[in-house]
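Please examine the model shown below together with its sequence. The account that follows leads through it region by region.

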Amino acid sequence: MADVLVHKPVLLEEVLENLITDKSGTYLDATVGYGGHSLGILNRLNPEGKLIGTDRDQEALSVAKKNLEEFGDRVVLAQVSFSQLEDFLRQQNISQISGFLFDIGMGSWQIETEERGFSYLKPGPLDMRMDRKQSLTAYDIVNRYSEEKLVWIFKNYGEERFAKKIAKALKNTKSEIRTTSDLRKMVEKVVRTNVIKTLARVFQALRIEVNQELEELKKGIETAVKFLNPQGRLAIISYHSLEDRIVKESFRELAKGCKCPPTLPVCICGAKPELEILNKKPIVATEKEKKLNPKSRSAKLRVGVKI
Ligand SMILES: C[S@@+](CC[C@H](N)C(=O)[O-])C[C@H]1O[C@@H](n2cnc3c(N)ncnc32)[C@H](O)[C@@H]1O
């Protein structure tokens, strides 16, 4: 566990302004992490307002528990992934949520902790699991997946142009790739130009596959829209183009309603719009925040209103 037990929440003021419409409502922070945004939300609510904080990372939840202790039973924390949210809410008999927040991606503590194996800058095991109860790790993917599957992952989840070369080298090596340093050395052997960018893309691709991040995000959006009160808000912060594309396209589909093919002259599906898009362009950090918190540089906040 990293020594630093606070996380500077990204776009905090913008999130609070756009998320909170009922100060006595129940809000769900689906990426509670160390509780940075949750703390801001709770401070903004009335004493009747409640917060459900979920995350798939148990270590983060233990820190959030301490950081949010002062709010007592106004806070419920649980280890739940986006794809488990619907079952969790049904089991808890919760149906009325005033706002959902997803601050997706990784917590800085995850990247900075060597043993979690997320970073090419830190030596550690090839792990990359956000939920350490899960069995699939980056080690399994690198050493057990076929060359074709690795190419697909590096191309689609990393947008890496040397995908084929890297996958081939990984499959041709005699020794197992056990650590982040082994993987880094292997990539450095086959890619000579802009290798740092390639490393970032390869590590991103593996992380997305280990945690099934894009599928999880789609499921999370679906669940949020089902459980939001009318006029409730869905706020999503993403940090790279693959995630932002999913948020943008999902919002567009939900705002459109009709799912009929464009070739049909009239709608026969009867599906109605479920979400109004609040901001056509994503909200981004101010220059001041970008200087103070480098993580905010790539952040994009999109907000939808449940119809
Ligand atoms: C950027 S951090 C959130 C930081 C938090 N907003 C704060 O202020 O402390 C992202 C968090 O999302 C969690 N996460 C990512 N994907 C998830 C998923 N599919 N289900 C549940 N939690 C997820 C990670 O474990 C991590 O704790």
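The paragraphs below treat the ligand site, a helix and its cover, two backbone angles, the charged pairs and two buried charged residues.

The model is a predicted one, in which local features need pLDDT of at least 70 and side-chain atom pairs count only at pLDDT 80 or more, while totals for chains, interfaces and linings use all residues. Residues are numbered from 1 along each chain as its sequence is written, and side-chain values use heavy atoms, with hydrogens and water left out.

The ligand is surrounded by 25 residues, a residue being counted if one of its heavy atoms lies within 4 Å of the ligand. The closest of these residues are His 37, Asp 55, Asp 103, Gln 110 and Glu 216. Polar contacts are pairs of N or O atoms within 3.5 Å; within protein, one atom must be able to donate a hydrogen and the other to accept it, and residues adjacent in sequence count only if both atoms are side-chain atoms. Thr 31 places a polar backbone atom 3.5 Å from a nitrogen atom of the ligand. For Tyr 34, a backbone N or O atom is 3.1 Å from a ligand oxygen atom. The side chain of Gln 110 has an N or O atom 3.0 Å from an oxygen atom of the ligand. The ligand taken alone exposes 600 Å², of which the protein buries 99%; accessible areas come from the Shrake-Rupley method with a 1.4 Å probe, and for residues only the protein chains shown count as cover.

His 37 also belongs to the buried residues of helix α2 (residues 36-44), which are Gly 36, His 37, Ser 38, Gly 40, Ile 41 and Leu 42. Helices (H or I, at least four residues) and strands (E, at least two) are DSSP runs, numbered from the N terminus. A residue is buried under 20% relative accessible area, exposed over 50% and partly exposed in between (1.4 Å probe, protein chains only). The cover over the buried residues of α2 includes α1 (12-19), β1 (26-29), β2 (50-55), β3 (75-79), β4 (97-103) and β5, where contact means heavy atoms within 4.5 Å.

Two backbone angles deserve attention. Most residues other than glycine have a negative phi. Leu 11, in the segment before α1, has a positive phi near 50°. Met 128 lies in the loop between α5 (108-112) and α6, and its phi is also positive, at about 70°. Leu 11 is buried, with a relative accessible area of 0%, and Met 128 is likewise buried at 0%.

The charged pairs come next. A salt bridge is a side-chain nitrogen of Lys or Arg within 4 Å of a carboxyl oxygen of Asp or Glu, and the whole structure contains 22 of them. One joins the side chains of Glu 13 and Arg 44, with an N to O distance of 3.0 Å. Because Glu 13 lies in helix α1 and Arg 44 in helix α2, this pair ties together parts that are 31 residues apart in sequence. Glu 13 is partly exposed at 38% relative accessible area, and Arg 44 is partly exposed at 29%.

Glu 216, already met beside the ligand, forms a salt bridge with Arg 56, their closest N and O atoms being 4.0 Å apart. Arg 56 is in the loop between β2 and α3 (58-67) and Glu 216 in helix α11 (residues 213-227), so that the pair links distant parts of the chain, 160 residues apart. Both Arg 56 and Glu 216 are buried.

Within helix α13 (residues 287-292), Lys 290 and Glu 287 are 3 residues apart, about one turn of the helix. Their salt bridge has its closest N and O atoms 3.6 Å apart, and Glu 287 is exposed, at 55% relative accessible area. Elsewhere, salt bridges that share partners join Asp 57, Glu 59, Glu 115, Arg 116 and Arg 132 into one network.

Which side chain of opposite charge is nearest to the buried Arg 233? Lys and Arg count as positive and Asp and Glu as negative, with His and the chain ends not counted. The nearest is Glu 276, 8.0 Å away, and Arg 233 has no salt bridge. Arg 233 lies in strand β5 (residues 228-238). Not counting residues up to four places away in sequence, Arg 233 touches residues including Asn 18, Ser 98, Phe 100, Leu 278 and Val 303.

Asp 140, in helix α6 (residues 138-144), counts as buried at 16% relative accessibility. A polar atom of the Asp 140 side chain lies 3.0 Å from the backbone nitrogen of Thr 137. Beyond four places in sequence, Asp 140 touches Ser 135 and Tyr 145.
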